[in-house]
Amino acid sequence: MNDYQLSRKRYFDEAVAGTGFQSDEPLTANFKIPSHLYIQLQNHVSEYLSASAGISDWSNIDSDQLLGEVLKKAKNLSTSGIVIPKSYCDQKFTQVHKLIADILTLSSISNVVDFWIYPFNVRLKGVDKTAKSLSYPTELPHSETWVGCSARSVLLHIPVLGDMEGNRLKVWRPNHEMGVEWMKPLGSYHDANALIVNSRELPVTSASGTILMVDSSLLHGTHRAENAGLRVSIDLNLVLKSYPEDVFPDSYNLLADRQKVSNQNFFEIGKSLRVQSPDGEDDIFLPVDGMRHPANIKITKI
C-alpha cells in the first residue's frame, strides 16, 4: 500500500471502529445480518421483483424461477441489471428500503455517515456474455468514482437471491501508483486498462447473509463462474464523515443535490417518508444532471 492508500485506511478504520462492521482485509469490512432479518429481506426483494414483472403470487415458485421470470418479463431493467423503481413497484421498493434501514440501524453505521447517495440499486446480474460491450459493464474491475461518485464514498454490497457463489462480487487492490488522479471519472470502464494493471485480488467474500463494505479506492466487479446462474444483490453508496474533504477533495464529484440523502431522511423512509416515481413501464428517464442513474424518483411524505 502506498501513502495515499495508507491515509485512506486510517480514516476507514476510524469509521469502522464506530460500527458493528469487522475489518479483516484493509479498506474492507463485513457485517453479519441476523438470520431472521435476512430472510425478511429476501422476501421483500422477491415482492419487489414480482411487482416489477407483474407476477401476482411468487410464493409458489423458487427464487431461481422468479429471477428467470423477472429477466423475461420486467420492463424496468437497465442495461446493467438495475431493477428501476417505477410507479407500479415503488411502494415495494420503499418496503425493501425500510428493512435495509432496520438492518443498518443494528450495525450502528448511521454514526459515521455524512450522507447517502441515492437511490440504492437492486441489481439482477445475468449470464449475458455481451455485457462487457457496454460503456460501464460492472463485470470489469472498477471504482464508483469512475462514474462520478464521491471520493469519500464506500460501497455496501448485499447478496440476496440466486447463485451467490457462482455469480459474485470480487475485490482488487490497485497497484502502488494509484492516487487521487486515478479516481477521476472515465468515459468508459474500458478506458481503465492501464489503471487496473498489476491489481491484486483480495481474499474478500461477499457471502450470503452479510454486508460487504468496500472503499472506493479499491476495485470491484462481478465474477461469473462457468455455468453460473442469475443473482440479485443490493448496492448502496454512502459518504463517510471520517474522510476529511481537505484530504480527499471531491474535485471530480458529479453528484447532484437530488442524489444526496441525509441520515435523518434515509432512516425515515418507510416510516414518515416513501420513495415515489411518476414513471410507467415504457417511460425512460434521462437525467440532465448528476451521476448516470435511470431512476426518476422523489422522496415524499407518507
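This report walks through the sheets, one helix, the aromatic contacts and some backbone details of the structure above.

The model is predicted: local features need pLDDT of at least 70, side-chain atom pairs count only at pLDDT 80 or more, and totals for chains, interfaces and linings use all residues. Residues are numbered from 1 along each chain as its sequence is written, and side-chain values use heavy atoms, with hydrogens and water left out.

## The sheets

Let's begin with the strands. Helices (H or I, at least four residues) and strands (E, at least two) are DSSP runs, numbered from the N terminus. Two strands pair if DSSP finds at least two bridges between them.

Six strands make up an open sheet with antiparallel pairing, in the order β1-β6-β3-β8-β2-β9. At its edges are β1 (28–32) and β9 (260–261), each of which pairs on one side only. Three of the pairings can be followed down to residues. Five antiparallel bridges join β1 to β6, and Asn30 has Leu212 in β6 as its bridge partner. Strand β3 (residues 153–162) also pairs with β6 in the antiparallel sense, over four bridges; here Val154 is partnered by Asp215 in β6. Between β2 and strand β8 (residues 231–240) there are nine bridges, again antiparallel, and Asn121 has Asp235 in β8 as its partner.

How enclosed is strand β6 (residues 210–215) by the rest of the structure? Six of its six residues are buried, so β6 is largely enclosed. Buried means under 20% relative accessible area, exposed means over 50%, and partly exposed lies in between (1.4 Å probe, protein chains only). Thr210, Leu212 and Val214 point one way from β6, while Ile211, Met213 and Asp215 point the other way, and all are buried.

A second open sheet has three strands in the order β5-β4-β7, with antiparallel pairing. Its edge strands, β5 (200–201) and β7 (219–224), have a single partner strand each, so one side of each is left without a neighbour in the sheet. Strand β4 (residues 167–173) meets β5 over two antiparallel bridges, and Trp172 stands opposite Glu201 in β5.

## Helix α4

Helix α4 (residues 90–107) has 18 residues, and at 1.5 Å a residue it should span 26 Å; its end C-alpha atoms are 26 Å apart, which agrees. The expected span is 1.5 Å times one less than the number of residues. Among the buried residues of α4 are Phe93, Val96, Leu99, Ile103 and Leu104. After the helix comes Ser108, with a positive phi near 65°.

## Aromatic contacts

A pair of aromatic rings is described by the distance of the centres and the angle of the planes. Rings of Phe, Tyr and Trp (its six-membered ring) pair if their centres lie within 6.5 Å; planes under 30 degrees apart count as stacked, over 60 as edge-to-face and the rest as tilted. The whole structure holds 14 aromatic pairs, including the two below.

| Pair | Centre distance | Plane angle | Type |
|---|---|---|---|
| Trp116 and Phe267 | 6.1 Å | 75° | edge-to-face |
| Tyr243 and Phe248 | 5.3 Å | 50° | tilted |

Trp116 and Phe267 link distant parts of the chain: Trp116 is in strand β2 (residues 113–125) and Phe267 in the loop between α5 (263–266) and β10 (273–276), 151 residues apart. Trp116 is buried at 1% relative accessible area, and Phe267 is buried at 13%. These two residues join Tyr48, Phe93, Tyr118, Phe120 and Phe266 in one aromatic cluster.

Tyr243 and Phe248 are both buried. Phe248 has a further contact: the charged end of Arg8 sits over its ring, 4.9 Å from the centre. That wording applies if NZ of Lys or CZ of Arg is within 6 Å of the ring centre and within 35 degrees of the ring normal.

## Backbone details and cysteines

The peptide bond from Tyr118 to Pro119 is cis, with omega near 5°, and Pro119 is placed in strand β2.

Leu27 is not a glycine, yet its phi is positive, near 70°. Leu27 lies in the loop between α1 (3–16) and β1 and is buried, with a relative accessible area of 1%. Asn198, also not a glycine, has a positive phi of about 65°. Asn198 belongs to the loop between β4 and β5 and is exposed, at 66% relative accessibility.

As for disulfides (a pair of cysteine sulfur atoms within 2.5 Å), the count is zero. Cys89 is buried at 1% relative accessible area, and Cys149 is buried at 4%.
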